[in-house]
Amino acid sequence: MAVEKGLRADARRNRDLIVAAAQELFLEQGVDVPLEDVARRAGVGVGTLYRRFPDRDALLRAVGVESLRRLADLAETAWREEPDAWHALCRFLRGSVALRLGVLPAKLEPHLHQRLRAGPDLHEIRQRVIAGVLRMIERARADGTLRADVGPGDIALLMTLNVYTPPGMHDEQAMERVVELVLDGLRADRASPLPGAPLNEDDLRRYTAVRLPPADDTRYEGAGTAASVPEWQGETECS
């Protein structure tokens, strides 16, 4: 887990424990879980938590940055270690679903979600993810292993796949079965016609874009307008 430079070893350890505990509890109980519960699960004092994260937004941002960094690392590791692009893409999608990327944004109020995504610390990591996804898709298509009518935007939707499981059903096993069904449908040699057109690279970038609240929206003080953030964070594009 990457952290700010200059932290002592014990401070780094405490920060990592807090972020990991927050991610678990936000996914389990929602983002309104008491921060005292986060501190308790991390095994640190409440004062230690607030020294590292002065408010809930700061902790949510740290969880988001860490999740996205893990996703970028996953894409790069899969590309480096797998024998070809198809196996790299399969490994990446399995790992993406295991990270439960679609769960946390669904628990956030939409404007707060966009506000948290608008920081410059996320831009570079987001570009790593996009580059990795495009590379796997283009090579797998060229190899003839990925069906030609699947685009980057389609893969982006699959990255946030989440499956409801009723009580008594094993979550992990159910998700693994669904993912394998999805991957089987992506294979070029299993292709049946799909409705509509493929979602392309522009769709992928729109999917990861930062959309800021309107200029007259004051529900989040300091959320800003397009003029108050770097140029890359415009209305619909993050590249």
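**A chain of helices, starting from arginine 147**

Arginine 147 sits in the loop that runs between helix H8 (120-143) and helix H9 (152-159). The model in which this residue is seen is a predicted one. Is arginine 147 buried or exposed? Its relative accessibility is 5%, and because buried means under 20% relative accessible area, arginine 147 counts as buried. The side chain of arginine 147 also reaches another part of the chain: the backbone oxygen of glycine 185 is 2.9 Å away from it.

The loop of arginine 147 belongs to a chain with 11 helices and 0 strands. Read from the N terminus, the order of elements is therefore α-α-α-α-α-α-α-α-α-α-α. The chain has 239 residues, and 43% of them count as buried. Among contacts in the chain with a separation of 6 or more, 72% are made by residues 24 or more positions apart.

The next topic is the interior. In soluble globular proteins, nonpolar side chains tend to be buried together. Here, the largest nonpolar core has 36 residues. Which of them touch the most other members? They are Leu71, Phe92 and Ile155. Two or more residues of this core come from each of helix H4 (56-81), helix H5 (85-98), H8, H9 and helix H10 (171-186). H8 gives the most, with 9 residues.

Phenylalanine 92 shows the contacts of one core member in detail. Leaving aside residues up to four places away in sequence, phenylalanine 92 touches Leu71, Leu74, Ala75, Ala78, Val133, Met136 and Met159. Apart from this core lies another one, of 22 residues, and Leu25, Phe53, Leu59 and Val63 are among them.

The last topic is a pair of helices. Two packed helices are described by the angle between their axes and the distance between the axes. For helix H1 (residues 9-29) and H4, the angle is about 90° and the axes are 9 Å apart. Angles of 65 to 115 degrees count as roughly perpendicular, so H1 and H4 are roughly perpendicular to each other.

Which residues meet where H1 packs with H4? From H1 come Arg15, Ile18, Val19, Ala22, Gln23 and Phe26. From H4 come Arg56, Leu59, Leu60, Ala62, Val63, Glu66, Ser67 and Arg70. Sorted by class, the contact has 8 nonpolar, 2 polar and 4 charged residues. Leu59 and Val63 of H4, which take part in this contact, are also among the residues of the 22-residue core.

Methods:
Residues numbered from 1 in each chain as written. Predicted model: local features only at pLDDT ≥ 70, side-chain atom pairs only at ≥ 80, totals over all residues. Heavy atoms only, no water. Helix = DSSP H or I, 4+ residues; strand = E, 2+ residues; numbered from the N terminus. Buried < 20%, exposed > 50% of the residue type's maximum accessible area, 1.4 Å probe, protein only. Polar contact = N/O pair within 3.5 Å; in protein donor to acceptor, adjacent residues only side chain to side chain. Core = buried A, V, L, I, M, F, W, Y, C linked by side-chain atoms within 4.5 Å. Contact = heavy atoms within 4.5 Å. Axes fitted to C-alpha atoms, helices over the stretch in contact; angles between N-to-C directions. Parallel < 35°, antiparallel > 145°, perpendicular 65-115°, else oblique. Nonpolar A, V, L, I, M, F, W, Y, C, P; charged D, E, K, R; others polar.
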